[in-house]
Amino acid sequence: MGDPKEITTIQATTILISTIIGVGVLPLPLFAVRAGETSAPFVTLTGIFLAALGLFILAYLGMRHPQKTIITYSQDIIGKWLGRIFSIFVICFFLVLTSLAAREFGAVVVTGVLRETPLEVTVIVMLLLASISCRNNINVFSYIHNFYVPMILAPVLIVVAFSLKNANPLYLRPVFLGNDLRGMAAGMLTVSALFQGSFIITMIIPSMKSPNKALKASFWGILISGGLYLLIVIATVAIFGPEEIKQIFWPTLELARTTAVPGNILQRLDIIFLAVWVLAVFTTLFSSYYFTIHSLKELFQLKDHKMLSYFIMPFVFFLAMLPQNILHMYEIIQYIGRAGLLITIMYPAFLLIIDFLRSWRRKKNVAKPT
Amino acid sequence: MSLFRKKKRNVKKPQLLTPSKALEKKGDTPTSISLMVKIKEVKELLGNNEDLQIKEFKIFGQYPAASVCLSSLINQDVLNQDILKPLMYVPEHLKGKEKPLNELVHLIVTETVYHSQAKVAEGKEQLIELMLRGESVIFIDGIKDSIHIDTRKIEKRSIAQPETEQVILGPREGFIESISTNIALLRYRLPTPDFQVKTMKIGRLTKSTVAICYLKGIANETVVKEVEKRLSEINIDAILDVGYLEQFIEDNPFSPFPQTQSTERPDKTVANLIEGRVAILVDGSPFSLLVPVVFNQFYQTTEDYSSRFLMGSFVRLARILALVFSLVFPSLYVSLISFNPELLPTEFAVAVAGGRAGVPYPAVIEVLIIEVSMEILREATVRLPKQVGGALSIVGVLVIGQAAVEAGLSSPITVVVIALTTIGSFATPTYTAAFALRMLRFPIMILAGIFGLYGVMVGVIFIFNHMLSLKSFGVPYMAPVSPEDSQGMKDVVIRSPLWWMPKRPEFLRPSNQNRLGLNDNKVLEHNKVGNDQREDAANGGSKGDHNYSSDNDLN
């Protein structure tokens with residue numbers, strides 16, 4: 001913990017943005033359309049609000065305990081052993097999240113670009129990249145995120161901007177209630193599950209220069225990443241229409257494929273898009289990987305997290321290889337994602353309530369004798 | 001090992017660990033009183049040398065004495081005219097005065113010798129060392145103290161234009177080998193008492209003078225201390241160039257990226273000092289070493305700042321493009337050709353395929369062959385004498401390139417790609433940084449051959465992550481991009497107009513940040529007459545224009 005507290009608010013914001021934007025960019029319109037048909041953007045928006053709620057709870061909790069991460073302050077709030085048990089759940093969940101992100105990435109690369117390369121190789125290369133980068137301290141972690149954010153945002157914005165000329169606004173109507181409510185609610189959960197990376201904020205707050213600005217950072221983080229997600233959904237739905245999207249696995253990739261750069265510099269954009277998307281995946285993977293080993297370090301009260309970085313790689317790889325095929329993988333992803341909301345939203349909310357109660361009781365106890 | 005430890009303990013003494021240790025054994029004992037003994041002792045140590053010059057004479061015709069020096073190092077004229085003459089021939093004002101033996105040394109130093117660098121010392125070790133540095137020592141019979149006078153004269157070349165960093169606009173001076181000249185070049189540009197030069201001696205045999213230059217009140221004190229600390233920990237026999245120091249003080253010696261900047265230009269050194277950096281000079285090296293550095297300064301030149309804003313920015317953009325080219329262009333080519341030819345416009349793809357028709361190797365092998373031969377060619381042209389070099393590059397580039405294409409070793413497009421890459425790497429102004437990218441090109445090329453664009457991306461991410469994790473004397477290497485710094489960002493991609501940058505870059509954590517004076521200068525306001533575009537302050541930066549450089553001091 002000897003690192004100086006140097007993470008600025010902008011860095012915290014960029015960490016959130018680049019962590020949130022990840023593998024989910026590709027299947028997002030599909031999830032949204034399945035749930036809400038033409039009101040996919042609305043479903044996305046509600047999902048973003050739910051995710052924002054979870055993030056704000058976390059940021060607020062962090063600001064109440066500015067020296068600690070969720071692993072350590074949960075032990076203060078709900079007791080040492082209960083806190084540790086819940087922390088183990090959190091760590092396991094992020095371990096799974098890391099491996100699923102790696103697997104999803106591998107699946108896209110194998111289907112989209114390198115058809116003859118074995119899935120294992122692409123996944124291992126990505127995991128190696130993440131685990132080597134994880135050996136740095138938390139300041140370097142924030143530099144890395146901060147550096148890549150413009151490169152993550154730019155290609156998506158370019159693709160959306162160039163493709164909008166084919167848009168058909170009719171595909172977006174009706175805006176609300178394009179589907180039955182239950183389906184839309186389920187979709188909302190799936191979409192907000194894509195924002196689970198924002199859990200990283202609890203790890204950053206103790207290293208921030210001014211932890212009381214965490215709420216501001218998370219607001220901007222969710223605004224920019226959520227805005228981008230919304231933009232993608234609107235663009236894809238407006239261009240392909242809900243029926244078409246249901247036939248495609250990765251509508252965003254398809255969007256990039258239909259886009260042409262003026263001047264015929266490059267015949268197709270999708271490969272370039274995928275290449276830059278590797279960056280987005282890397283930052284997400286990097287975050288969840290880092291969170292896992294950093295939390296493990298805190299749980300076991302170790303001095304250094306470097307050694308853990310290689311140590312957990314086989315586990316991540318093993319978990320990544322478990323799903324049998326793409327369909328199975330996306331089933332798991334949706335299931336794990338929704339279940340994960342229990343950990344990423346309900347658990348912090350629970351902590352916050354107990355924390356409130358405790359401080360209220362403490363105040364009352366203090367007030368009585370005087 | 002025990003030898004080193006012993007040295008560390010008495011580090012205060014001038015280090016002298018000559019291999020024969022003849023001097024060490026004697027230690028730093030005072031010389032004896034007798035002149036004969038003193039001369040004998042010097043002869044014992046230096047007697048084998050042809051250039052040891054011992055001249056015995058009588059001071060004021062009275063006291064026997066001897067001047068001892070190494071004739072190859074000294075200026076004989078100074079010795080004869082300014083030292084020996086007034087000593088042997090009693091000066092006017094001293095005639096008739098009493099000259100007692102116990103006041104003789106004082107009398108000589110203050111009233112007789114015409115030399116500003118006359119000093120008194122008694123340690124034998126110290127005297128010998130001074131003699132080896134070109135001073136003349138005067139032993140006097142019956143006195144323990146000896147007088148040593150700086151009569152050093154070393155041949156040096158004249159100040160010339162720097163060979164490696166040419167500019168079109170800007171000063172033409174370059175550093176030379178002599179450190180005193182180099183410091184003079186810096187002082188000439190920085191006539192301020194804040195300019196500090198600390199010196200130390202490094203190298204057991206070479207005892208090279210190392211100067212740490214910085215601006216007090218601007219440079220960060222912790223950086224200066226860190227530089228001193230790292231330099232004082234060096235224990236090596238020889239420092240022949242500033243590059244030796246670089247390897248001892250850099251943060252990550254195994255990184256391909258340079259973590260210090262060496263420059264031949266005094267103006268660049270001064271510009272960096274003013275930004276808050278520390279410069280290290282070594283006697284015998286025409287380079288100064290600047291720390292801490294960030295990556296973006298490797299593609300900046302002094303010319304960017306001396307030319308107008310648009311010019312400087314345009315050239316800088318071109319240079320950044322060249323930098324990117326030199327790193328990824330061949331690997332992009334490889335991955336497009338062998339993995340994703342569908343990205344290319346159809347006509348071009350057909351042309352590429354036609355060119356590659358006769359080539360038996362896969363694209364990555366072909367590119368690697370040509371790249372390696374290009375590296376050999378480049379190294380050869382550097383080593384060859386100038387007269388041959390031109391001829392060789394013509395033979396190498398034109399003839400071999402043409403022949404390789406005709407022989408079916410490579411396709412014409414490959415040659416074009418490699419040529420562009422090579423030219424791109426020449427456009428990077430700093431040799432060391434260009435070299436880093438030159439080396440890193442090969443692993444990326446191999447990755448591109450295996451994984452296509454995905455491989456290129458992984459390679460690039462890997463390199464960037466490494467760069468982001470580097471630090472140079474506590475300053476993150478990729479600052480001011482990440483960690484972000486709005487003042488520094490104005491000078492990264494474009495070179496903003498000077499009045500847009502009123503503060504020094506914050507990432508160097510300078511003690512004083514104000515570069516421009518406050519808005520109390522009216523010079524540019526007067527220039528506005530008749531130029532209605534700059535009439536009001538909201539109209540493009542005229543509010544910040546009020547800098548004045550006339551009589552403000554540097555702070």
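**Group meeting: two sheets, two helix pairs and an interface**

Okay, let's start in chain B, where strand 7 and strand 9, residues 278-282, pair in the antiparallel sense over four bridges. To pin that down on a residue, Ile212(B) has Ile280(B) in strand 9 of chain B as its bridge partner. Before I go on, a reminder that this is a predicted model.

So where does that pair sit? It belongs to an open sheet of five strands in chain B, ordered 6-7-9-10-8, with antiparallel pairing. At the edges you'll find strand 6 and strand 8, 261-263, of chain B; each has a single partner strand, so one side of each has no neighbour in the sheet. On average, neighbouring strands here are turned by 25° against each other, if you ignore direction.

Stay with strand 6 for a second. Strand 6 of chain B, residues 195-202, pairs with strand 7, residues 208-215, in the antiparallel sense, and that takes eight bridges. Lys201(B) stands opposite Thr209(B) in strand 7 of chain B. The hairpin of these two strands has five residues between them, and there Gly203(B) takes a positive phi near 105°. Then there's helix 7 of chain B, residues 179-189, which lies across strand 6, strand 7 and strand 9 and runs at about 150° to strand 9 of chain B.

Next, the other sheet I picked from chain B. This one is open too, with five strands in the order 1-2-4-5-3, and the pairing is antiparallel. Strand 1 (52-59) and strand 3 (118-121) of chain B are at the edges with a single partner strand each, so one side of each is left without a neighbour in the sheet. The twist averages 25° from one strand to the next. Strand 3 of chain B pairs with strand 5, residues 146-150, over four bridges, in the antiparallel sense. In that pairing, Lys119(B) has His148(B) in strand 5 of chain B as its bridge partner. And what packs on the sheet? That's helix 6 of chain B, residues 124-132, which touches strand 2, strand 3, strand 4 and strand 5 of chain B, its direction making about 140° with that of strand 4.

Right, helix pairs. In chain B, helix 14 (residues 363-383) and helix 16 (residues 412-426) pack at about 40°, with their axes 10 Å apart. The two are therefore oblique to each other, and their crossing is right-handed. By class, this contact has five nonpolar, four polar and three charged residues.

Now chain A: helix 2 (residues 28-36) packs on helix 10 (residues 214-240) at an angle of about 70°, with the axes 9 Å apart. That makes helix 2 of chain A roughly perpendicular to helix 10 of chain A. This crossing is right-handed as well. Leu28(A), Pro29(A), Ala32(A) and Val33(A) in helix 2 of chain A meet residues of helix 10 of chain A that include Tyr229(A) and Ile232(A). The residues of this contact divide into eight nonpolar, one polar and no charged.

Last thing, the interface. How much area do chain A and chain B bury between them? About 2,700 Å², with 70% of it on carbon and sulfur atoms. The contact takes 35 residues from chain A and 25 residues from chain B. In chain A, the residues losing the most area to chain B are Leu129(A), Tyr143(A) and Phe147(A), together 22% of what that side buries. Okay, that's me done.

Conventions. Residues numbered from 1 in each chain as written. Chains lettered and ligands numbered in written order. Predicted model: local features only at pLDDT ≥ 70, side-chain atom pairs only at ≥ 80, totals over all residues. Heavy atoms only, no water. Axes fitted to C-alpha atoms, helices over the stretch in contact; angles between N-to-C directions. Parallel < 35°, antiparallel > 145°, perpendicular 65-115°, else oblique. Left-handed = near helix turned anticlockwise from the far one by under 90°. Nonpolar A, V, L, I, M, F, W, Y, C, P; charged D, E, K, R; others polar. Pairing = 2+ DSSP bridges. Contact = heavy atoms within 4.5 Å. Buried area = accessible area lost by both parts, 1.4 Å probe.
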